[in-house]
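Got your viewer open and a few minutes to spare? Let's take a walk through this model, one selection at a time.

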Amino acid sequence: MQSDKKELVSHPLAKKVLDNHSPLIFKREDVIKRGKVRSDEKNELRECEWYHYDVFMNLLAIISGVGRLEKSQIFIRTFPLPRSYEKKGINQHTWIEYHYSHYVITLVSLFDIALRLTNSVFSIGNRERDCKPDLIMKNFWVKQTPVEQALADFDKLIQPHKDGRNLYVHRGKVLDIASVMKSDYLDRLKDLSSIQMLGFSEPFIGRENIDSEYKGHVKKICEKLQEERGNINDVIWRLFDTILPIYDEKSTALDEKRLRILKKEYERRMRQKK
């Protein structure tokens with residue numbers, strides 16, 4: 001698919017949103033220079049500008065989140081200075097599970113951000129905390145478009161991770177990478193690493209042997225994450241495809257409304273001069 005080879009930032013939706021938001025960036029700089037960023041900035045932005053700003057921020061959040069997934073995979077693949085970290089109580093297994101937990105939290109949050117992006121693009125008007133799947137996906141306007149199915153596909157993809165994410169966030173239970181990979185041997189490596197941390201590794205297995213064993217398992221973990229990230233990229237790309245026509249329609253209507261207002265204001269001022 002196209003999305004396998006292209007970054008999300010290259011999608012036509014991302015390009016249009018950035019183009020429409022760019023003038024606001026320069027306007028914001030002007031507002032900051034005049035010292036009004038904490039007071040009157042909202043009053044200085046037109047309706048269309050706030051629309052572009054809101055969509056831009058949610059789009060940026062999704063693209064940034066996808067980038068963090070990649071960074072989590074990089075961290076899992078690379079365990080620098082193992083002996084130094086072991087002195088601080090961090091072995092490779094702890095390192096892997098910590099970054100995998102961050103990966104899962106980010107992954108699940110992407111769907112929540114996608115709901116907020118949909119809320120913004122369609123101008124539904126829900127508060128962030130009210131951007132729930134049933135309220136967004138079953139919205140009268142959303143369910144008449146392919147966006148509903150794109151969100152359903154997204155939801156289906158992250159469903160297997162929701163329980164793990166909830167256990168970590170709400171109960172403080174670190175995700176067990178051995179269970180995720182369905183590997184009894186990886187579970188045994190965890191025990192051996194713990195023994196190693198206590199300084200009793202020599203009678204059982206050498207540190208270099210444990211390090212070597214982890215390399216093969218890390219490779220399998222990263223291959224699994226790589227495939228999953230590709231699927232995530234695909235489903236987000238398709239979501240962007242379905243949202244683009246709605247964004248075009250809404251942004252065009254708001255820009256035309258702005259021009260009508262400016263025209264009326266210009267005509268009013270001209271009449272005053274006569």
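Start by selecting Ser183. Leaving aside its neighbours within four places in sequence, Ser183 is in contact with Ala178 and His217. Turn on the secondary structure and you'll find Ser183 in the loop between helix H8 (177-181) and H9. Is Ser183 buried or exposed? Its relative accessible area is 14%, and the cut-off for buried is under 20%, so Ser183 counts as buried.

Before going on, keep in mind that you're looking at a predicted model.

**One step along the loop**

Now select Lys182, found in that loop between H8 and H9. Lys182 is exposed, with a relative accessible area of 78%. Check its backbone too: phi of Lys182 is near 55 degrees, a positive value in a residue other than glycine. Most residues other than glycine have a negative phi.

There's another stop of this kind at Ser123. Here phi is also positive, near 55 degrees, and again the residue is not glycine. Ser123 sits in the loop between helix H5 (92-121) and helix H6 (133-137). With 41% relative accessibility, Ser123 is partly exposed.

**Zoom out**

Time for the whole view. How many helices and strands does the protein have? You can tick off ten helices and zero strands. Follow the chain from the N terminus and the elements run α-α-α-α-α-α-α-α-α-α.

Color by accessibility, if your viewer can do that. Of the 274 residues in the protein, 38% are buried. The accessible surface comes to about 16600 Å², and 53% of that surface belongs to carbon and sulfur atoms. As for how the chain meets itself, take the contacts between residues at least 6 apart in sequence: 74% of them join residues at least 24 apart.

**Helix H2**

Select residues 12-33, which form helix H2. Pick out Lys15 in this helix. Lys15 is partly exposed, with a relative accessible area of 48%. Not counting neighbours within four places in sequence, Lys15 is in contact with Val9 and Ser10.

Stay in helix H2 and move to His21. At 5% relative accessibility, His21 is buried. Which residues does His21 touch, not counting those up to four places away in sequence? Show His52, Tyr53 and Phe56 as sticks and you have them.

**Over to helix H10**

Keep His52 on screen and add Asp255, because the next stop shares that histidine. Asp255 lies in helix H10. Leaving aside neighbours within four places in sequence, Asp255 is in contact with Cys48 and His52. So His52 is touched by His21 and is also in contact with Asp255.

Try a distance label between the C-alpha atoms of Asp255 and Glu49. They are 8.9 Å apart in space, though 206 residues apart in sequence. Asp255 itself is partly exposed, with a relative accessible area of 23%.

**The cavity**

Switch on cavity display next. How many cavities of 30 Å³ or more are there? The count comes to one. The largest cavity has a volume of about 40 Å³.

To see the lining of the largest cavity, select Phe79, Pro82, Arg83, Glu86, Asn91, Gln92, Ser193, Gln196, Ile210, Asp211 and Tyr214. By class, that lining has four nonpolar, four polar and three charged residues. Now color by helix: helix H4 (82-87), helix H9 (184-197) and helix H10 (207-273) each supply at least two residues of the lining.

**Last stop: cysteines**

Finish by selecting Cys131 and Cys222. Cys131 is buried, at 7% relative accessibility. Cys222 is buried as well, at 7% relative accessibility. If you go looking for disulfides, how many does the structure hold? The count is zero. A disulfide, after all, is a covalent bond between the sulfur atoms of two cysteines.

Key. Residues numbered from 1 in each chain as written. Predicted model: local features only at pLDDT ≥ 70, side-chain atom pairs only at ≥ 80, totals over all residues. Heavy atoms only, no water. Disulfide = S-S within 2.5 Å. Buried < 20%, exposed > 50% of the residue type's maximum accessible area, 1.4 Å probe, protein only. 1 Å grid on protein atoms, 1.4 Å probe; cavity = no way out; pocket = protein on both sides within 12 Å on 5 of 7 lines; lining within 4 Å. Points joined across faces, edges and corners; volume = space filled by probe spheres on them. Helix = DSSP H or I, 4+ residues; strand = E, 2+ residues; numbered from the N terminus. Nonpolar A, V, L, I, M, F, W, Y, C, P; charged D, E, K, R; others polar. Contact = heavy atoms within 4.5 Å. Areas by Shrake-Rupley, 256 points an atom, 1.4 Å probe, with all protein chains shown as cover.
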